[in-house]
Amino acid sequence: MSTHSVRPHDHDHDHHGHAPAPAASCGGCCAHEAAPVQAASAAPGQLLLRIPDMDCPVEENQIRAALSTFGAIEQLKFDLPARALAVSVPAEAWPGVVSAIEAAGFATETLSAPLPADTGRQGLRRETIRLIAALVIAAGAEMLDLLAPATPIMQALGMGLAALAIALAGFSVLRKGLAAWRRLQLNISALMTVAVLGAFAIGAWPEAAMVMALYALAELIEARAVDRARGAIQSLMALTPEEAEVRQPDGRWQRQALAQVAIGAVLRVKPGERLPLDGVVLSGQGAVDQAAITGESVPVDKAPGDTVFAGTVNQGSALEIRSTQPAGDTLLARIIRAVEHAQGQRAPTQRLVDRLAAVYTPAIFAIAAAVALGMPLLLDTPWLQAAYKALVLLVIACPCALVISTPVTVVSGLAAAARRGILIKGGVHLEQARLLRSVALDKTGTLTRGEPKLVAQQVFGGNEAAVLGWARSLAARSDHPVSRAIAAGLPQASTAEVDGFSAAPGCGVQGMIGGQALQLGNARWMREAGLLTPAVETAMQAHEQAGRSVTLLADAQAVRALLAVADTVKAHAAEAVAELKTLGVTPVMLSGDNAATAQAIAAGVGIQDVRAPLLPEDKLKAIEALQAQGPVAMVGDGINDAPALARASLGFAMGGAGTDVAIEAADVVIMNDDLRRVPEMLRLSRRTHTVLWQNIALALGIKAVFLALAVAGQATMWMAVFADMGASLLVVGNGLRLLRFGR
C-alpha cells in the first residue's frame, strides 16, 4: 500500500507476471479446511476461487508461479486467512486458470459469493472426525501387525486398514505430492509422499499409516494455532454490529442492515452499544472507548462535531451521529484490509527461509538416496533396512517446521502491533525497525499538538480585566490562528462590542471599543508606531527566547498588554524521546519553525540535535545526511513531510485516525497520535527478530539431533513423525507468544 516509497522493500506484486520464484511448499502444513470466506468477494470480471489447501505464503507463491504464463491476468488478490483467490481475468480464460491451479496440486471451488459464516466450522468438524477415524484405523492396523498371527488373510486385512487410514488422512498430501513429482519439483508434499508410500512398499505399512494419520492430525492442531495469528485482525470485523438504528424521513427510528445505510444518514447509538459506522456526532456527549481503532486504554470524550469510528463503544449518553463512510470503507475496514495485505507479503527472514527450504528439501532427498544405496553397497547393510533408514530420514527432515516458523511469527507481530494502534504495512517494515540508528521527528503535530495556545499574559498598567477584555474582543473578530488562540484563552465574560474593526495585513487588527482606538498585533507594528518601552521589550524578548509568539495590545499612548502564544508539547513526547535514547536510537528534530522556537521545544522534550528552520527539500537533505550514519526513520504527519517520509528507511505517520492520506502514504501509521508507539514498535521489531531466529534454531536443531539418531539406527518412523510435528508445534507456539506483546 505504500504509494510513496522509493526504497527496495521487495513487496510481492499483485500482477502475476512479477511474482517471486516459487518456494518450497508447506504441503498443507497449515490447514486442511478453510475458515469462512469473509473478505473476498467476486467483483465484475473476477474469478473467485476457494482453495482449501492454500493457507501459507509459500503456497501462494506456487499458485503465482503456476499462473505466470497467463498474459491476460490483470491482478491476483490472495486472501490467505479465508483461503480465497480473486483473479482479474476475462471469463473465457477461467477454465484455463482453474486447470493450472489444479495441475499444481490444489483443489478449487468456484464461488459467486462469499461462503456462509458457518461453512468453516462445519468443515473443521468434518476434518476432525475424518482424521480421528484415520487414527483409529491406523491403530487397528498396528494392533493386527503386533498381535495377530502372520497369516496371509491377517496381513491382507492389516494392509487394507493401513491403506484406508493413509487415504483418509493424507489424500491431499498424496495428491499434491504426485503433482509435484509430475512437475519434477521436490517439495514437502513430494517428500512425505515418498516416505509414506515407500514405507508401505517395504512392508512397514502399519507405521506408514500411523505416521500419515499423526502427521495429518498434528497439522490440523497446528493449523488452528496458525489461524489464531491470522484471525487476530479479521476478528476485529466482528466488533462492528450488523445493523444500525437509522432515523427515517418521518422521524421514526428503524434498524437497518449496514449495507443499506447511506452516507449522511442519522444514526442513534445507545449507551453500551458499538458504533456501526464512521461519522460525526450531531447530539449527545460522553466517553467512547476507541481501543479497537487506536489502542488507547482510556476512553475519549466526544461532543457534537467530533469524529467517531465504527467498532468503538459508546460509554456515555446516547449519541446521534451522521454517517460519513459506507460499511465497507470505515476506518476499521481499511485497517483490516491494510494488515491483511501486509500478511500476504514476505518479510526478509521469511524470504531467506524460503530460499533455504528450496535447497534443503532436495538436499535431504540426496542424503536419503545416499543412505538407501550407499549403506548396502559400502557397509553390507540389508537393502530393506537401509531403505527404512532412508525413509525415516525423509520424515525427520521434513522442513515443515522451518517453513512455518517465519510466517506465524511475522503475522503475530503484525497483529500485536495493530491491537496497540500501530498499523504496519508489511513484515519487511516490522523487521527493518530494529536496525534504526536515528529517528527524525517533525515538530508541529508530532512532538507538539499543532494547535496554538495562549500560555502567558501580562498587563502594563490599567484595569487588568478591562484590558484583557479589549484583547479578547479584538481577537474574537479575527480568523487568524494566533487570534483564535488568544480569544479561546481569555475569559469570555469580558468581551465588548467592537466598532470600525479592520485588519492590517502582516501587522494585526484594530478597532474602537468604548470610543477608544486599539491595536492588536505584532511587535514590528508597535515599534513603527513608537509604542514600545524598554520594559515591554525586555518582557517580549524573554518570551521569544522560550519559543513563543508574542502579540501586543496597545492604545494610542502605549502598549497595554502582552499575550504569548505557543504550540504546546504533547503529554508523552518527552517520555517517548527518553525511551528512544534507552533503545540506543538518536532522536533528531527537523522543523520548519524558527530556530528559537525549535530549540525551546527540543529542550523541553530532551532532544539535543535540532535542525531548523527547514523547508521540505531541506528536510529531505537532512534525512539523506542522517542515512550516511545508518538507517533512519522519519516521523511526521504523512502529508507535509511526504518527501522526507519517502526517502527515510521507515516512514511513520502520526494521527492516522481519520487521515486517509496518512494511511495510504506511510510504512507505519500510529493510529492514536501517541509518540510512545514509535519506541514500542522498535521493541516489537527486536522481539520479533529474536523469536524468528529462535524458531529457525529450534527447527534446525531438533532436525539435526534426530537425523543423527536416524543415521545411527536409533530412530524409528514413530520418532520421525513426532520429531517433525513436535518441532512444528514448538515454533508455532513460540511465534504466537508475540500476540501477547504489550499486554
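The legends below describe close-up views of a predicted model.

**View 1. The seven-stranded open sheet and its edges.** In this predicted model, 7 strands form an open sheet with mixed pairing, and their order is E14-E26-E25-E24-E15-E22-E23. Strand E14 (422–424) and strand E23 (609–611) stand at the edges with a single partner strand each, so one side of each is left without a neighbour in the sheet. From one strand to the next, the twist averages 20 degrees. At the E14 edge, E14 and E26 pair in the antiparallel sense over 3 bridges, and Leu423 has Val669 in E26 as its bridge partner. Helix H23 packs on the sheet, where it touches E14, E24, E25 and E26, and its direction makes about 55 degrees with that of E14.

**View 2. Strand E25 and its two neighbours in the sheet.** Strand E25 (residues 650–654) is mostly covered, with 5 of its 5 residues buried. In a regular strand the side chains alternate between the two faces of the sheet. In E25 both faces are covered, since Leu650, Phe652 and Met654 are buried on one side and Gly651 and Ala653 are buried on the other. Strand E24 (residues 632–636) pairs with E25 in the parallel sense over 4 bridges, and in this pairing Gly636 stands opposite Ala653. Strand E26 (residues 668–670) also pairs with E25 in the parallel sense, over 3 bridges, and here Met654 stands opposite Ile670.

**View 3. Helix H18 and its buried face.** In helix H18, which spans residues 573–582, the buried residues are Ala573, Ala576, Val577, Glu579 and Leu580. Seen down the helix axis, these buried residues fall within an arc of 160 degrees, so they line one face of H18. They pack against three strands and three helices, namely strand E15 (438–442), strand E21 (559–569) and strand E22 (586–590), together with helix H13 (443–447), helix H19 (595–605) and helix H23 (677–711). The helix is followed by Gly584, whose phi is positive, near 80 degrees.

**View 4. The contact between helices H18 and H23.** The axes of H18 and H23 come within 8 Å and cross at roughly 30 degrees; because angles under 35 degrees count as roughly parallel, the two helices are described as roughly parallel to each other. On the H18 side the contact is made by Ala576, Glu579 and Leu580, and on the H23 side by Val678, Pro679, Leu682 and Arg683. Sorted by class, this contact has 5 nonpolar residues, no polar residues and 2 charged residues.

**View 5. Helix H15 and the elements that cover it.** In helix H15 (residues 481–489), the residues Val482, Ser483, Ala485, Ile486 and Ala487 are buried. What covers them includes strand E16 (448–459), helix H14 (464–476), strand E20 (549–554) and strand E21. Strand E21 is also among the elements against which the buried residues of H18 pack.

**View 6. A three-stranded antiparallel sheet.** Another open sheet has 3 strands in the order E10-E9-E12, with antiparallel pairing. Its edge strands are strand E10 (300–302) and strand E12 (313–314), each of which pairs on one side only. Strand E9 (residues 286–289) and E10 run antiparallel and are joined by 3 bridges, with Ala287 standing opposite Asp301 in E10.

Definitions and conventions. Residues are numbered from 1 along each chain as its sequence is written. This is a predicted model: local features need pLDDT of at least 70, side-chain atom pairs count only at pLDDT 80 or more; totals for chains, interfaces and linings use all residues. Side-chain values use heavy atoms; hydrogens and water are left out. Buried means under 20% relative accessible area, exposed over 50%, partly exposed in between (1.4 Å probe, protein chains only). The arc is that of the directions from the helix axis to the C-beta atoms. Contact means heavy atoms within 4.5 Å. Two strands pair if DSSP finds at least two bridges between them. Axes are lines fitted to C-alpha atoms, for helices over the stretch in contact, and angles run from 0 to 180 degrees between N-to-C directions. Angles under 35 degrees count as roughly parallel, over 145 as roughly antiparallel, 65 to 115 as roughly perpendicular and the rest as oblique. Ala, Val, Leu, Ile, Met, Phe, Trp, Tyr, Cys and Pro count as nonpolar, Asp, Glu, Lys and Arg as charged, and the others, Gly among them, as polar.
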